[in-house]
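User: I would like to go through the model shown below and ask, term by term, what lies behind the labels attached to it.

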Amino acid sequence: MKIIITGGAGFIGTHVVKLFVKKYPNYSIYNLDALTYAGNLENLKDIETYPNYHFIKADITDEQHINSLFQEIQPNAVIHLAAESHVDRSIMNPNQFVITNVLGTIHLLNASRKLNDFQVFYHISTDEVYGSLGETGYFTEKTPYDPRSPYSASKASSDHFVRSYYHTYHLPIKISNCSNNYGPYQFPEKLIPLCINNILNEKPLPIYGKGENVRDWLFVEDHSRAIDLIFHKGKIGETYNIGGNSEKKNIEVVQTLCKIMNKKMNKPEGYYEKLITFVKDRAGHDLRYAIDFTKLKTELNWTPSVSFEEGIEKTIDWYLNNSDWLKSVTSGNYQKYYEEQYIKR
Ligand code: NAD
Ligand code: TDX
C-alpha cells in the first residue's frame with residue numbers, strides 16, 4: 001500500500017509517520033509537508049533512511065502540484081494531518097486557516113477522487129468543532145457542530161467537505177475528532193511546551209483569564225495508536241471521537257508542571273509557581289472540552305494507555321533531554337535542515 005501522510009513533519013504527524021514506517025515495512029509512506037514554521041524534518045532523522053520512507057516538500061494549497069504528485073505516486077490512501085493548528089494564530093490571521101485547512105483539504109479530496117485503486121481518505125480533526133461545554137456533558141459523534149474560533153470553524157468546514165465527498169462522490173472517507181494532545185515534539189506555542197520552555201528560561205507562565213478552562217488531555221502516542229486502528233479497522237464513512245479521559249483546568253496543568261520541575265531542577269517547593277502570571281483572556285475562549293469515546297472503545301477496543309501523570313513526566317523528561325531541539329525551534333534554525341539534508345542529495 002502507498003500512503004500519503006500530510007503534515008508528517010508536525011507534532012502529531014511525526015509520531016504517526018514513525019509508527020507507520022516502523023510497523024509496516026511493506027507500506028510505502030510518503031510524508032507530504034510544506035515545512036511551515038510548525039514542520040521540522042529533524043524530528044524524523046531516525047527514520048529518514050528507511051527504504052519505505054519518502055519525503056516530499058509540497059504545499060496542499062498548490063492544486064496543480066498536488067494533482068501531479070497524486071498522479072505520479074498513485075497512492076492507495078491519504079492520512080491528512082496538515083493544517084494550521086494554533087487557535088491564537090487563527091485569531092490573528094483567519095484567512096490563512098481558510099486557505100490551508102479548507103482549500104488545502106479540498107485539493108487533496110479532488111486529487112484522491114481521480115485515482116483508480118483508492119481505498120481511504122482519513123481526515124484528522126479536532127474536538128473543537130463541537131464548540132464549548134458547560135460544567136457537565138460530553139461531545140459524542142452526534143453532537144451538532146458549533147465551532148467558535150476561526151481555527152475550529154476552518155476544521156469544521158473541512159470535516160463537512162470530507163463528508164460531502166463521501167455522500168456525493170462515494171469517496172471512501174473516515175474522520176476522527178481528537179481532544180488536546182501533548183508529548184514530545186510539540187511546538188512551544190501550545191500551553192504545555194510553552195510553559196516547559198518558559199520554566200527552563202525562568203520566564204512568566206501566561207495563563208489566560210482565570211485558568212479555569214478545561215481541556216481533555218491525551219498523550220500523543222495514544223492518539224497515533226488510535227489513528228493506526230481507525231485507519232485499518234474503522235468503517236468507511238464513519239466518524240470516531242478520540243479522548244484522554246483526563247480533564248484538567250489549565251491552572252492545574254501549569255501547577256503540575258511547576259511542581260514536577262521544582263523537583264527535577266532541585267528548586268525549593270513553590271519556586272516555579274512564582275512565574276505563573278494571569279493575562280488577558282483569549283477572545284472567544286471555549287470553557288470546556290470533554291470527549292465521549294465510547295464508540296471507539298466498543299467498536300475497536302481502544303482506550304488511552306498513558307495516564308496524564310505518566311504522560312506529563314515523560315513529556316517533561318523528553319524536553320529536558322532535548323534542550324537542543326527546543327533551542328533550535330525557538331531560534332528558527334531547524335528550518336535549514338531541509339536545505340542541508342534534502343536539497344544537496
Ligand atoms: P502542527 O501545527 O504541529 O503541524 C502541522 C503540520 O502541517 C506541519 O508539519 C506543517 O508544516 C504542515 N503544514 C501546514 N500547512 C501546510 C500546507 N499548506 N501544506 C502542507 N503541509 C502543511 O499540528 P499538529 O498539532 O500536529 O496537528 C495535526 C493535525 O491534527 C491538525 O489537522 C490538527 O487540526 C489536528 N489535531 C491536533 C490536535 C492537537 O492537540 N495538537 C488535537 C486534535 C486534532
Ligand atoms: O499561553 C497560553 N496560556 C493559556 O492559558 C496558551 C498558549 C494557552 N492557554 C490556554 C488556552 C487553552 O484553554 O490553555 C489551553 C490550551 O491551549 P492550546 O495549547 O493553545 O490548545 P487549544 O487552544 O486547546 O487547542 C489545541 O487542542 C485542540 C490544539 O492547538 C488544536 O490544534 C487542537 O485541535
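Analyst: Before the classes are counted, it should be said that Ala, Val, Leu, Ile, Met, Phe, Trp, Tyr, Cys and Pro count as nonpolar, that Asp, Glu, Lys and Arg count as charged, and that the others, Gly among them, count as polar. On that basis the shell around ligand 1 has 14 nonpolar, twelve polar and three charged residues. The model is a predicted one.

User: What makes a residue one of the 29 around ligand 1, and which come nearest?

Analyst: The criterion is a heavy atom within 4 Å of the molecule. Of the 29 residues around ligand 1, Asp33, Asp59, Ser85, Tyr151 and Lys155 come nearest. Among the elements, α1 (11–23), β5 (120–126) and α5 (150–169) give two or more residues to this shell, and the largest share, three residues, comes from β5.

User: Why is the approach of Lys155 to an oxygen atom of ligand 1 called a polar contact?

Analyst: A polar side-chain atom of Lys155 lies 2.7 Å from an oxygen atom of ligand 1, and the cut-off for a pair of N or O atoms is 3.5 Å, so the pair qualifies. The backbone takes part by the same test, because a backbone N or O atom of Ile12 lies 2.8 Å from an oxygen atom of ligand 1, and a backbone N or O atom of Ala34 lies 3.1 Å from a nitrogen atom of ligand 1. Taken alone, ligand 1 exposes 830 Å², and the protein buries 96% of that.

User: Which residues are closest to ligand 2, and how do you know that His285 makes a polar contact with ligand 2?

Analyst: Ligand 2 is surrounded by 20 residues, of which the closest are Thr126, Glu128, Tyr151, Arg282 and His285. A polar side-chain atom of His285 lies 2.6 Å from an oxygen atom of ligand 2, and the limit is 3.5 Å, so this counts as a polar contact. Two backbone approaches accompany it: an oxygen atom of ligand 2 is 2.8 Å from a polar backbone atom of Leu191, while a backbone N or O atom of Pro206 lies 2.8 Å from a nitrogen atom of ligand 2. Of the 650 Å² of accessible area that ligand 2 has on its own, the protein covers 93%.

User: Which element gives the most to the shell around ligand 2, and how does that shell divide by class?

Analyst: β8 gives the most, with three residues, and α3 (87–92), α6 (191–200) and β8 (205–208) each supply at least two. By class, the shell has seven nonpolar, seven polar and six charged residues.

User: Why is one space called a cavity and another a pocket?

Analyst: The distinction is whether a 1.4 Å probe that fits inside can get out: in a cavity it cannot, whereas a pocket is an open set, so the two words are kept apart. The structure holds one cavity of 30 Å³ or more, and about 40 Å³ of space lies in the largest cavity. Its lining includes Glu128, Arg282, His285 and Asp286, and by class that lining has three nonpolar, three polar and four charged residues. The second largest pocket, with about 160 Å³ of space, is lined by His15, Lys18, Leu19, Lys22, Tyr185, Glu221, Ser224 and Arg225. Two or more of these residues come from each of α1 and α7 (220–233), with the largest share, four residues, coming from α1.

User: What makes the pair of Arg148 and Asp286 a salt bridge?

Analyst: The side chains of Arg148 and Asp286 meet at 2.7 Å, N to O, and the cut-off between a side-chain nitrogen of Lys or Arg and a carboxyl oxygen of Asp or Glu is 4 Å, so the pair qualifies. It links distant parts of the chain, 138 residues apart, with Arg148 in the loop between β5 and α5 and Asp286 in the loop between β13 (276–279) and α9 (294–300). The structure holds 16 salt bridges.

Terms used:
Residues are numbered from 1 along each chain as its sequence is written. Chains are lettered from A and ligands numbered from 1 in the order in which they are written. This is a predicted model: local features need pLDDT of at least 70, side-chain atom pairs count only at pLDDT 80 or more; totals for chains, interfaces and linings use all residues. Side-chain values use heavy atoms; hydrogens and water are left out. A polar contact is a pair of N or O atoms within 3.5 Å; within protein, one must be able to donate a hydrogen and the other to accept it, and residues adjacent in sequence count only if both atoms are side-chain atoms. Accessible areas come from the Shrake-Rupley method with a 1.4 Å probe; for residues, only the protein chains shown count as cover. On a 1 Å grid over the protein atoms alone, a cavity is a set of points where a 1.4 Å probe fits but cannot get out, and a pocket is an open set with protein on both sides within 12 Å along at least five of seven lines; lining residues have an atom within 4 Å of a point. Grid points are joined across faces, edges and corners, and a volume is the space filled by probe spheres set on the points.
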